[in-house]
Amino acid sequence: MTSGESAQQANEPRSPELGPFKDQIARPQDPDSENTNADLASLKYSLLGPSLTKAGQDKVDQSKVAEVIYNSSKGSKFFNREEERDKALTVKIDQILAKKRQLEKLDLSRELRAADTLLAQLEASRDLTQHIVHIDCDAFYAAVEQLDRPELADLPFAVGGGVLTTCNYVARRFGCRSGMAGFVAKKLCPQLILLPLNFDKYNAKAAEVREILADYDPRFESASIDEAYLNITQYCFDHGMEAVDVVSQMRREIHEKTHITVSAGIAANACLAKICSNMNKPNGQYLLPRDRVVIMEFMRDLSCRQVNGIGRVLERELGAVGISTCGDVYTQRQFIEKLFGEKTYNFLLRCYLGLGRTSIQPAEEYERKSVGTERTFRDMDNPTQLREQLRRIAEELEKDMRRAECKGRTLCIKVKLHTYEVLTRQIAPPKAVYLADDLYDYALPMLVKLEQEVSNMKLRLLGLRCTHLLSTKKPDTMAFFGFRPRRGGSVETGESISRINPKKAAGTGDEWEEWPSEARNDVLLAERSGSSSGTDSPFWRHGKEVLPNPKEKQPAEVMQEELWDCPICNRPQTPDERQFNEHIDLCLSRQTIRDAIQQVAASTPPPGKPSIPEAKKSKDKKRGRQSTAADPRQKKLRFT
């Protein structure tokens, strides 16, 4: 697609048709109305899953899809669990509405002024100087599989077994989507072809895409294996190009070299770019001008569900109080903090203004909060088999901990029962752990305790996670003594693997970390199938790990590159801002050590002459008192 063609794309946001029952869900429930029908409608809507807003389903009748899912899963353990959760959510919404009715009787002028003040403060932080791009590969796994089997181009097919990880756009016309059970997808589309997962193949293709992205922004941020954020402001300036032309060129280059298509969103911040990348899928791009008025108009009519971080649960809660679009946030601003809490309050006000982060950096530079792995399998109650699974998971977690170069002070175990109820336990070992033997030894008692607490325990998922991490990176001794650091990094440096998000403004998380709590699972796909090809690969769990950016290509003349002189030691250093700052910190640390040594040397008396502390010590011995002389190596603090 040329830049001219992309500029002519429709500027109206597209949102999937949610079916005739959505209005029943969004409206506040009248106690005298037909509650049974409303509850049934909300359950069917919930069963549609978190991938409802995926591209390619614009013309799908979602009410028919919901009916098929409802009838196919009715009576199953999954259905019963979802029904319980939906009833609990209905009760919570009734409580929210009751609280809102109480608030409406009060004078909330102070809350209105506080909201307006916060909006003004947030508005002052708006940055319209950057060109942020979100790149998303179109049906990535399916696109890679189609390269090997081009005869599938016009046939509906999906990748995955028990649960679909993705499907091509032909299958999406039938209502199939990621996170859907395979047997349900078969009922929606009987001719659907299911292909096994092959993560080695997907990672190889993703590496090709990342190599191209690095040419436009070496510090791009991988959000997952098939999507990334870039800041192309500098590239546009250096090449004298418009952002829309740069992205068109990038997408064209990716297609020519990798033979897969990508879609892109171009905006002033990462949150808007993420929304825009879904506007003209597949193989398209959408530019949201860097203009405050345009951005406010764009967000005013945008469905809340289209914002990354707002899922099924929060969408229903907001709809109940009259917030269905981001523009509705303003009219209800005096109630939001009282009803949903401070975090959701700030988050929604930022959504209303269309604000987001503009700092883009490699994912591996974000501070890791935890490292974990989990596995889904068929219902299992055999203690021996469960312990074998625990051992395998511990071994996989050790590999991930070694790659991330860290160890954990807290170990958590997570289980999902055959009833789809999730339980977690944690322990603080006496030492930080990362070895498989230690992980297994400390996790086993927690598993045994769960077996005692839950009678006839059957599991369908088991996972381990380490939190409160400590780094195991080995210091570079060359760098410490003022020489240029080794290019290879630390001894055990490997691919730092991270689950989705690291630190995102509309952050994504999984069931271990929650923000906002109401939308904790809606930004992830549903559970993955544990049995697939490629289980020997470190990416066998879900394929959404984040890999380090490719190294910047260096020409042969790199030996003559410009060097920066350290102001402390005057030795030449690599012209990299982050490495240079780290070196200065080390130099300052060395200077502190030198000062301490000099102070000790200065306080040491000549041979044969006792020092003052020694003389005082001998005098104190005569008087029978114990000496309290200070360590000469300790610095004395003086206050003037």
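This passage describes the aromatic pairs, nonpolar cores, helices and strands of a predicted model.

A good place to start is with the rings. The structure contains nine aromatic pairs. In one of them, Tyr70 and Phe79 meet edge-to-face, with 5.3 Å centre to centre and 70 degrees between the planes. Both Tyr70 and Phe79 are buried. Another pair, formed by Tyr216 and Tyr235, is tilted, with 4.8 Å centre to centre and 40 degrees between the planes. This pair links distant parts of the chain: Tyr216 belongs to helix α10 (residues 199–216) and Tyr235 to helix α11 (residues 233–239), 19 residues apart. Tyr216 has a relative accessible area of 4% and is therefore buried; Tyr235, with 13%, is buried as well. Elsewhere, ring pairs connect Phe140, Tyr141, Phe199 and Tyr202 into a cluster.

Rings also meet charged groups. The ring of Tyr169 has the charged end of Arg172 over it, 4.4 Å from its centre. In a further example, the charged end of Arg391 sits over the ring of Tyr440, 4.3 Å from the centre of that ring.

In soluble globular proteins, nonpolar side chains tend to be buried together. In this model, the largest nonpolar core has 51 residues, of which Leu288, Phe298, Met299, Leu302, Val307, Ile310 and Leu318 touch the most other members. At least two residues of this core come from each of α5 (77–104), α6 (109–124), α13 (270–276), α14 (292–300), α15 (312–320), α17 (333–340) and α18 (342–353). The most is given by α18, with seven residues. Val307 illustrates how this core is joined: leaving aside neighbours within four places in sequence, Val307 is in contact with Ile275, Met299, Leu302, Cys326, Phe347 and Cys351. Apart from this core lies another, of 33 residues, which includes Tyr235, Val246, Met250 and Ala264. Tyr235 is thus a meeting point for two themes, as a member of that core and as a partner of Tyr216 in the tilted pair.

Helix α5 deserves a closer look. With 28 residues at 1.5 Å a residue, α5 should span 40 Å, and its end C-alpha atoms are 41 Å apart, which agrees. The buried residues of α5 are Phe79, Glu82, Asp86, Leu89, Thr90, Ile93, Ile96, Leu97, Lys100 and Leu103. Phe79 in this list is the partner of Tyr70 in the edge-to-face pair.

Buried residues with charged side-chain types occur in other helices too. Lys44 is found in helix α3 (residues 35–47). Because its relative accessibility is 12%, under the 20% limit, Lys44 counts as buried. Not counting residues up to four places away in sequence, Lys44 touches Ala66, Glu67 and Tyr70. Glu396 lies in helix α19 (residues 383–404) and is buried, with a relative accessible area of 10%. Along the chain, Glu396 and Glu374 are 22 residues apart, while their C-alpha atoms are separated by 9.2 Å.

Finally, the strands. Nine of the eleven residues of strand β9 (residues 370–380) are buried, so β9 is largely enclosed by the rest of the structure. Strand β9 runs antiparallel to strand β12 (residues 459–471), and eight bridges join the two. Within this pairing, Gly372 stands opposite Arg465 in β12.

Conventions. Residues numbered from 1 in each chain as written. Predicted model: local features only at pLDDT ≥ 70, side-chain atom pairs only at ≥ 80, totals over all residues. Heavy atoms only, no water. Phe/Tyr/Trp six-rings, centres within 6.5 Å; stacked < 30°, edge-to-face > 60°. Buried < 20%, exposed > 50% of the residue type's maximum accessible area, 1.4 Å probe, protein only. Helix = DSSP H or I, 4+ residues; strand = E, 2+ residues; numbered from the N terminus. Lys NZ or Arg CZ within 6 Å of the ring centre and 35° of its normal. Core = buried A, V, L, I, M, F, W, Y, C linked by side-chain atoms within 4.5 Å. Contact = heavy atoms within 4.5 Å. Expected span 1.5 Å × (residues − 1). Pairing = 2+ DSSP bridges.
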